[in-house]
Amino acid sequence: MSRIDHIGIATENIDLASRFWEQIGLKSDDSVEHNLEQGVKIKMFYGIDENGDKTHSKVELIEALSEKSPIAKFISKKGQGIQQLAITVDDIDQLILDLIESGIRMINNKSSQGAEGHKIAFVHPESTGGVLVELVQRIKINS
């Protein structure tokens, strides 16, 4: 199963950027996650269905933790805005191997841990028509 997982938006200030998404009705659990490997802090917003449950529609706000972060570099080149489109996949590690074998250029040749503990890897925009694509294998967490 593949589907759009979320859209990542590079922002200079998560708190200021959050106001808009909250005002239009998206919900967040108000936690901000720090991903030191990526050099970012992340806040996820969800759509809410008629039963009050989270939908699969998500917006991810991303703020750089330092000037060396890929997000800081993105903002300095292109400004704030959509930074990536994330796609949910079933077996990220096998897909990475298949993509490389078929000539697709990857930024990550192995998956790593992303937001919410899920496995992620990025496909180079050169191979996707100019869009940074994040592959996400959602990891079920036992409660």
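The exercises below concern three residues of a predicted model.

**Exercise 1.** Classify Lys-78 as buried or exposed, and state which surface patch and which helix contain this residue.

Solution. Start with the secondary structure: Lys-78 belongs to helix 2, which covers residues 70–78. Next take the accessibility. The relative accessible area of Lys-78 is 62%, and the cut-off for exposed is over 50%, so Lys-78 is exposed. Finally, look for the patch: Lys-78 forms a positive surface patch together with Lys-68, Lys-73 and Lys-77.

**Exercise 2.** Locate His-118, decide whether His-118 is buried or exposed, and list its contacts beyond four places in sequence.

Solution. His-118 sits in the loop that runs between strand 6 (112–113) and strand 7 (119–123). Its relative accessibility is 8%. Buried means under 20%, therefore His-118 counts as buried. With neighbours within four places in sequence set aside, the contacts of His-118 are Ser-112, Gln-113, Val-136, Gln-137, Arg-138 and Ile-139.

**Exercise 3.** Place Ser-31 in the chain, classify its accessibility, and find how far Ser-31 is from Ile-14 in sequence and in space.

Solution. Ser-31 is in the loop between helix 1 (14–23) and strand 2 (33–35). Its relative accessibility is 40%. This value falls between the limits of 20% and 50%, so Ser-31 counts as partly exposed. The separation from Ile-14 is 17 residues in sequence and 11 Å in space, taken from C-alpha to C-alpha. As a last step, leave out residues up to four places away in sequence: Ser-31 then touches Ile-42 and Lys-43.

Conventions:
Residues numbered from 1 in each chain as written. Predicted model: local features only at pLDDT ≥ 70, side-chain atom pairs only at ≥ 80, totals over all residues. Heavy atoms only, no water. Patch = residues over 30% accessible without salt bridge, like charges linked within 9 Å, V, L, I, M, F, W, Y side chains within 5 Å. Areas by Shrake-Rupley, 256 points an atom, 1.4 Å probe, with all protein chains shown as cover. Salt bridge = Lys/Arg side-chain N within 4 Å of Asp/Glu carboxyl O. Lys, Arg positive; Asp, Glu negative; His and termini not counted. Charge placed at Lys NZ, Arg CZ, Asp CG, Glu CD. Helix = DSSP H or I, 4+ residues; strand = E, 2+ residues; numbered from the N terminus. Buried < 20%, exposed > 50% of the residue type's maximum accessible area, 1.4 Å probe, protein only. Contact = heavy atoms within 4.5 Å.
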